[in-house]
Number of protein chains: 2
Amino acid sequence: MTEHHDTDVLFKALADASRRKLLDLLHAHDGRTLNELCEHLDMTRQGVTQHLDLLEAANLVATVRRGREKLHFLNPVPLQEIYERWIAKFEKPRLKALADLKRRMEKPNG
Amino acid sequence: MTEHHDTDVLFKALADASRRKLLDLLHAHDGRTLNELCEHLDMTRQGVTQHLDLLEAANLVATVRRGREKLHFLNPVPLQEIYERWIAKFEKPRLKALADLKRRMEKPNG
DNA sequence: TCTTTTGGCAAGTAAATACTTGCATATAGT
DNA sequence: ACTATATGCAAGTATTTACTTGCCAAAAGA
């Protein structure tokens, strides 16, 4: 609507479970090639490429070519911006405190 | 994918600019009726209803009927959960510090 | 009771989305 | 040079999504 275009691209990039899984995979282990990522998703390589293209357009993934391979890296900055713009804004201090407590209780030795 | 269904519903609810605008409207002023919300969006009432239904399914909006009116309230808890699960997880302390700094510099008298 | 206001329900449509198949290209290894 | 590997590009398709139009019902006010 009256909103920044990048914001829309970013939220749309996050709106698909396969793409969130790709982010998770890169979070667990950065710098993977396309084929390495494909092994974890139940779709063709071309499908994965298209998802990665969207993540790259949203600036959530950066790539580097090394020879015939393409390495993928996670960029968490846009997620931080979502937090600043969309979550901190809506956050009630009490609710944050509750969430913090819940997190501490869920992993007491974390 | 291997993911919780609610997570998908939540991200999909946030993936549309009109729905994010509705959240903004409720953040600015809670408890609005359907028609009040319609005044701010350039679409039919039925279209707005469908967006609100998705927000309600994602538990981002709760409603109460008062006579013939339907009042809408924002529930920020799922946003907090996104933060806990998706942003804090990907966050590098340095990047958070940068974002904080950027925010302070952008509104020096905020 | 009659009319207006507020909202619900259902079906239709146009566009966006998530894939696929098929073929082409560049790098690497033998 | 030949083959295998890693990826790119393009077009087709089925589903989902974001709307619309049209009609219906309930509550409120005259």
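Which element gives the most to the surface near DNA strand D? I started my notebook there, and I found H4(B), with four residues.

**Setup.** I'm working on a predicted model, where local features need pLDDT of at least 70, side-chain atom pairs count only at pLDDT 80 or more, and totals for chains, interfaces and linings use all residues. Residues are numbered from 1 along each chain as its sequence is written, chains are lettered from A and ligands numbered from 1 in the order in which they are written, and side-chain values use heavy atoms, with hydrogens and water left out.

**Entry 1: strand D.** I took "near" to mean that a residue has a heavy atom within 4 Å of the molecule or strand. There are 22 residues around DNA strand D, and A:Arg45, B:Thr44, B:Gln46, B:Gln50 and B:His51 come nearest. On the DNA side, I looked at the atoms within 4 Å of the protein: 58% belong to sugar or phosphate, the rest to bases.

Next I checked polar contacts (pairs of N or O atoms within 3.5 Å; within protein, one must be able to donate a hydrogen and the other to accept it, and residues adjacent in sequence count only if both atoms are side-chain atoms). B:Gln46 has a polar side-chain atom 2.7 Å from a base oxygen of DNA strand D. A:Arg45 also reaches a base oxygen of this strand with a polar side-chain atom, at 2.9 Å. For B:Arg19 the partner is a phosphate oxygen of DNA strand D, 3.3 Å from a polar side-chain atom.

Helices (H or I, at least four residues) and strands (E, at least two) are DSSP runs, numbered from the N terminus. Helix H3 (34-38), H4 and E3 of chain A, along with helix H2 (17-28) and H4 of chain B, each supply at least two residues of this surface. I sorted by class: Ala, Val, Leu, Ile, Met, Phe, Trp, Tyr, Cys and Pro are nonpolar, Asp, Glu, Lys and Arg charged, and the others, Gly among them, polar. The surface near DNA strand D has two nonpolar, 11 polar and nine charged residues.

**Entry 2: strand C.** Which residues come nearest to DNA strand C? I got A:Thr44, A:Gln46, A:Gln50, B:Arg45 and B:Arg68, out of 22 around it. Of the atoms of DNA strand C within 4 Å of the protein, sugar and phosphate account for 62%.

I pulled three polar pairs for this strand. B:Arg68 puts a polar side-chain atom 2.8 Å from a base oxygen of DNA strand C. A side-chain N or O atom of A:Gln50 is 2.9 Å from a base oxygen of DNA strand C. With B:Leu34, a polar backbone atom is 3.2 Å from a phosphate oxygen of that strand.

H4(A) gives the most to the surface near DNA strand C, with four residues. By class I read two nonpolar, 11 polar and nine charged for the surface near DNA strand C.

**Entry 3: chain A overall.** I count six helices and three strands in chain A, in the pattern α-α-β-α-α-β-β-α-α along the sequence. Buried means under 20% relative accessible area, exposed over 50%, partly exposed in between (1.4 Å probe, protein chains only). Buried residues are 41% of the 110 in chain A.

The three strands form an open antiparallel sheet in the order E1-E3-E2; strands pair if DSSP finds at least two bridges between them. Strand E1 (32-33) and strand E2 (61-66) are the edges, each pairing on one side only. Six bridges join E2(A) to E3(A), and A:Val64 stands opposite A:Leu71 in E3(A).

**Entry 4: two residues in chain A.** Is A:His72 buried or exposed? A:His72, in strand E3 (residues 69-74), has 3% relative accessibility, so I logged it as buried. A:Glu56 sits in helix H4 and is partly exposed, with a relative accessible area of 31%. The pair is 16 residues apart in sequence and 9.3 Å apart in space, C-alpha to C-alpha.

I used contact as heavy atoms within 4.5 Å. Not counting residues up to four places away in sequence, A:Glu56 touches A:Val61, A:Thr63 and A:Lys70. With the same exclusion, the contacts of A:His72 include A:Leu26, A:Leu52, A:Val61 and A:Thr63.

**Entry 5: H5(B).** Last stop was helix H5 (residues 77-87) of chain B, which is mostly covered, with eight of its 11 residues buried. Among them are B:Leu79, B:Tyr83 and B:Trp86.
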